[in-house]
Amino acid sequence: MKKLVIFDLDGTLLNTITDLGKACNYALEKMGFATHPIQAYAYMVGNGVRNLMKKAQQDADEETIDQLLEHFKAYYNEHCLDTTKPYPGINELLENLSQRGVAVAVASNKYQEATEKIIAGCFPDINFVAVEGQREGRNRKPDPSVIFSILEQFPVAKKDVIYVGDSGVDIECAQRACVESIGVSWGFRSPAELRRANADYVISNPAEIIDRLNDEF
């Protein structure tokens, strides 16, 4: 059985798209730009908030992106838990893993402050061995540095690790870290994207993670 399950955050553990979309639209409105439908953000998120701003306003220069980021963070820091909630079955999955003695961690491209706040607000009773968001000076996923950071905090062999995410970026991150991967179909991206990225497994229900653990991969 695996000893550590590392989860992506947005689109994997939590449905965050409405709060993200509202924060981005707030920033765009503050700068006088057109907004986007909330569900359009499902194809913009996943590579950090700076890249989100670039996708939301594609002709913006770096100075404008800086201003958009400032407005985004001012709003999101206050509203990141307005509608964000775990996907069905996630709480039960985390509790089940804990009961089995399997450690859990988070690896996100969301900036660290928001990552910590959201995890604390949504999973106050879950003991994550590491909660890693985007930190200054560290490359974003698919760079595997975030996984290596988690393994420094909770040292286990890579063969005992599984990474769970909802996008091709997540699967590539797992591959570059040389750990096995599970792609989840309930998130922001399609199962086809996960299969194109060559996820080791693609699942449609959180309980299937337990099945895979029992199969010992």
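## Where to start: a pair of residues in the sheet

A good way into this structure is a single pairing: I6 has A105 as its bridge partner in strand 4. Please keep in mind as you look around that the model is predicted. The pairing of I6 belongs to a wider contact, in which strand 1, residues 4–7, is joined to strand 4 by four bridges and the two run parallel.

A105 also has a partner in strand 5, namely A130. A little further along, A107 stands opposite E132 of strand 5. Strand 4 and strand 5 are linked by four bridges, again in the parallel sense.

## The sheet as a whole

Now step back from these pairs. Six strands form an open sheet with parallel pairing, and their order is 5-4-1-6-7-8. Strand 5 and strand 8 (201–203) are the edge strands, each pairing on one side only. On average, neighbouring strands of this sheet are turned by 20° against each other, direction ignored.

In that order, strand 4 sits between strand 5 and strand 1. How many residues of strand 4 are buried? Nine of its nine residues are, so strand 4 is largely enclosed by the rest of the structure. To follow the chain onward from strand 4, look for helix 5 (residues 112–122): strand 4, helix 5 and strand 5 together make a right-handed β-α-β unit.

## The largest cavity

The structure holds two cavities of 30 Å³ or more. The largest cavity contains about 240 Å³ of space. It is lined by 19 residues, and those closest to its centre are D10, V45, G46, N47 and N109.

Which elements each supply at least two residues of this lining? They are helix 2 (49–56), strand 4 (103–111) and helix 7 (168–177). Strand 4 gives the largest share, three residues. Sorted by class, the lining of the largest cavity has seven charged, six polar and six nonpolar residues.

## The second largest cavity

The second largest cavity has a volume of about 30 Å³. Its lining is made up of S108, N109, G133, Q134, R138, N139, R140, K141 and V146. Strand 4 and strand 5 (130–134) are the elements that give two or more residues to this lining. By class, five of the lining residues are polar, three are charged and one is nonpolar.

If N109 sounds familiar, that is no accident: N109 lies among the residues closest to the centre of the largest cavity, and N109 also lines the second largest one.

## The largest pocket

Besides the cavities there are pockets, and the largest pocket has a volume of about 290 Å³. Of the 14 residues that line it, V49, K73, Y111, Q134 and E136 lie nearest its centre. Q134 is also one of the residues lining the second largest cavity.

Helix 2, helix 3 (62–79) and strand 4 each contribute at least two residues to the lining of the largest pocket. In this lining, seven residues are charged, four are polar and three are nonpolar.

Helix 3 is also home to H79. Is H79 buried, partly exposed or exposed? Its relative accessibility is 28%, so H79 counts as partly exposed, a class that runs between the 20% and 50% cut-offs. H79 and N25 are 54 residues apart in sequence, while their C-alpha atoms are 13 Å apart in space.

## Some backbone details in the loops

Three spots in the loops are worth a visit. One of them is P142, in the loop between strand 5 and helix 6 (145–153). The peptide bond that joins K141 and P142 is cis, with omega at about 20°. K141 is also among the residues that line the second largest cavity.

Another is C178, in the loop between helix 7 and strand 7 (180–184). Its phi is positive, about 65°, although C178 is not a glycine. With 57% relative accessibility, C178 counts as exposed. Then there is N198, in the loop between helix 8 (191–196) and strand 8. N198 is not a glycine either, and its phi is also positive, near 65°. The relative accessible area of N198 is 55%, and exposed means over 50%, so N198 is exposed.

Note on methods. Residues numbered from 1 in each chain as written. Predicted model: local features only at pLDDT ≥ 70, side-chain atom pairs only at ≥ 80, totals over all residues. Heavy atoms only, no water. 1 Å grid on protein atoms, 1.4 Å probe; cavity = no way out; pocket = protein on both sides within 12 Å on 5 of 7 lines; lining within 4 Å. Points joined across faces, edges and corners; volume = space filled by probe spheres on them. Nonpolar A, V, L, I, M, F, W, Y, C, P; charged D, E, K, R; others polar. Buried < 20%, exposed > 50% of the residue type's maximum accessible area, 1.4 Å probe, protein only. Pairing = 2+ DSSP bridges. Right-handed = clockwise from strand over helix to strand, strands pointing away. Axes fitted to C-alpha atoms, helices over the stretch in contact; angles between N-to-C directions.
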